[in-house]
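Hi everyone, thanks for coming. I'd like to walk you through one structure today, so let me put it up on the screen.

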Amino acid sequence: MILAGDVGGTKIDLALCKFDHGQLQTVHEHKFHAKDFPGLTQVVEAFLDECKQTIGQSPDVLAACFGVPGPVRNGRLRLTNLPWVLDSSQLAVEMKIPHVFLINDLEANGYGIAELTPDQILVLSKGDPAAEGNRGLIAAGTGLGEAILVWNGHTHQPIASEGGHSDFAARNEEEIALLRYLQKAVGGRVSSERVISGLGLANVYNFCRDVRGLPEPAWLKDRMRTEDPNAVIGELGESGASDLCVETLNIFISAYGAEAGNLALKILSVGGMYVGGGIAPKLLKKMQDGTFMKAFTDKGRLSDLLVQMPVRLILESRAAVMGAAAYAEARAAELGGLSERAQSVEMARS
């Protein structure tokens with residue numbers, strides 16, 4: 001079996017997987033609060049104990065892969081939101097799993113795209129669905145992730161990047177004012193992630209309140225203090241119940257679309273752009289009202305190129321876990337022979 005994980009700064013999503021007739025199947029899955037554990041090994045131990053109770057025996061795990069936030073170098077990563085240093089070789093020994101792999105979380109999402117079914121994807125723009133070439137992946141959640149899916153003539157190879165930390169590109173007077181506001185707030189340089197992420201949504205809200213002067217009535221201030229602020233902004237912005245939240249979403253989604261378009265230009269993603277992460281699926285009404293696509297295609301002389309690119313929104317929150325499972329299975333097969341996926345296909349034929 002395969003152990004797959006999506007490691008975030010607050011939560012860790014783990015899944016025990018197998019391949020049935022060549023299709024990825026989840027045997028058991030659970031989300032853990034990262035801060036309840038001293039390290040990833042302890043999280044995995046707790047999960048495997050759960051699996052033993054669920055399936056009645058200790059699972060025989062051949063390989064594990066974890067999607068992690070940040071650049072992985074030589075199988076090693078120091079997490080920014082947790083006091084953990086992850087090393088794939090050390091983890092393999094501690095977890096007693098033959099093969100353990102660490103890959104960037106957006107890279108894991110990229111591998112997960114191939115495992116998705118049509119009902120797990122929402123088409124924002126059809127573009128030219130027959131076009132072949134590179135694809136892009138952009139995902140706003142706790143942070144802003146970006147990845148390249150390089151077309152090699154046969155398949156798309158996910159390549160990680162840290163593009164979300166590139167400079168925020170203000171496009172108009174309003175965004176210039178937002179940039180200046182954030183420069184003062186953070187004391188210098190402003191990355192795209194400061195605008196297009198969960199933190200960014202709060203930053204845009206504060207800008208609309210403090211600089212644009214949009215009113216924050218007492219009832220809204222109370223909800224922002226006692227509930228999840230981003231959920232409140234999304235709810236009231238999509239319903240139109242708060243001008244402050246409506247304008248916050250307008251600026252946020254427009255900036256999101258513009259940055260997706262920037263990525264599309266840089267990697268020439270004629271094969272399409274995928275929008276992942278946790279924020280977009282919660283704002284489907286706003287994502288489909290034209291704001292995102294208008295900003296995505298507004299690229300001057302190259303606008304027509306962007307119009308021809310398919311744009312698809314990933315609805316499946318487990319895409320990174322699915323991709324990590326597919327990666328672990330494929331890499332373990334390279335190291336140890338016929339893959340579990342191939343074995344299941346051969347068994348189905350016999």
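What covers the buried residues of α7? Before I answer, please keep in mind that this is a predicted model. The cover includes α5 (198-210), α6 (218-226) and α8.

Let's stay with α7 for a moment. This helix runs over residues 229-239, and its buried residues are Val 232, Ile 233, Gly 234, Leu 236 and Gly 237. For anyone who likes to think in turns, an α-helix has 3.6 residues a turn, so residues three or four places apart point the same way. At the start of α7, Asp 228 places a side-chain oxygen within 3.2 Å of the backbone nitrogen of Asn 230. After the helix comes Gly 240, with a positive phi near 80°.

Now, Glu 235 also sits in α7. Is Glu 235 buried or partly exposed? Glu 235 counts as partly exposed, because its relative accessibility is 42%. Its C-alpha is 9.5 Å from that of Val 246, and the two residues are 11 apart in sequence.

On to the nonpolar interior. The largest nonpolar core has 48 residues, and the members that touch the most others are Val 275, Met 287, Phe 292 and Phe 296. Helix α8, residues 243-267, is the biggest contributor to this core, giving 12 residues. Take Phe 292 as an example: leaving out residues up to four places away in sequence, Phe 292 touches Leu 124, Ile 253, Tyr 256, Gly 257, Ala 260, Val 275, Met 287 and Val 311. Apart from the largest core there is another, of 31 residues, including Cys 17, Leu 137, Ala 319 and Met 322. As background, nonpolar side chains tend to be buried together in soluble globular proteins.

A polar residue deserves a look too. Thr 297 belongs to helix α10, residues 291-297. Thr 297 counts as buried because its relative accessibility is 18%, and the cut-off for buried is under 20%. Beyond its neighbours within four places in sequence, Thr 297 contacts Ser 303, Leu 306 and Val 307.

Next, the open spaces. The second largest pocket holds about 430 Å³. Its lining has 18 residues, and those closest to the centre are Tyr 111, Ala 114, Thr 155, His 156 and Pro 158. Two or more lining residues come from each of α3 (105-113), β11 (156-160) and α12 (319-336). Which of these gives the most to the lining? That is α12, with six residues. The lining is a mixture: eight nonpolar, four polar and six charged residues.

There is also one cavity of 30 Å³ or more. The largest cavity has about 40 Å³ of space, and Val 7, Gly 8, Gly 9, Pro 69, Leu 79, Thr 80, Asn 81 and Leu 82 line it. By class, that lining has four nonpolar and four polar residues, with no charged ones.

Finally, a bit of backbone geometry. Most residues other than glycine have a negative phi. Asn 74 is not a glycine, yet its phi is positive, about 55°. Asn 74 lies in the loop between β4 (63-68) and β5 (76-78), and it is exposed, with a relative accessible area of 82%. Lys 96 also has a positive phi, of about 60°. You'll find Lys 96 in the loop between α2 (88-95) and β7 (99-104), where Lys 96 is exposed at 72% relative accessible area.

That's my tour; thanks for listening!

Technical notes: Residues are numbered from 1 along each chain as its sequence is written. This is a predicted model: local features need pLDDT of at least 70, side-chain atom pairs count only at pLDDT 80 or more; totals for chains, interfaces and linings use all residues. Side-chain values use heavy atoms; hydrogens and water are left out. On a 1 Å grid over the protein atoms alone, a cavity is a set of points where a 1.4 Å probe fits but cannot get out, and a pocket is an open set with protein on both sides within 12 Å along at least five of seven lines; lining residues have an atom within 4 Å of a point. Grid points are joined across faces, edges and corners, and a volume is the space filled by probe spheres set on the points. Helices (H or I, at least four residues) and strands (E, at least two) are DSSP runs, numbered from the N terminus. Ala, Val, Leu, Ile, Met, Phe, Trp, Tyr, Cys and Pro count as nonpolar, Asp, Glu, Lys and Arg as charged, and the others, Gly among them, as polar. A nonpolar core is a set of buried Ala, Val, Leu, Ile, Met, Phe, Trp, Tyr and Cys residues joined through side-chain atoms within 4.5 Å. Buried means under 20% relative accessible area, exposed over 50%, partly exposed in between (1.4 Å probe, protein chains only). Contact means heavy atoms within 4.5 Å. A polar contact is a pair of N or O atoms within 3.5 Å; within protein, one must be able to donate a hydrogen and the other to accept it, and residues adjacent in sequence count only if both atoms are side-chain atoms.
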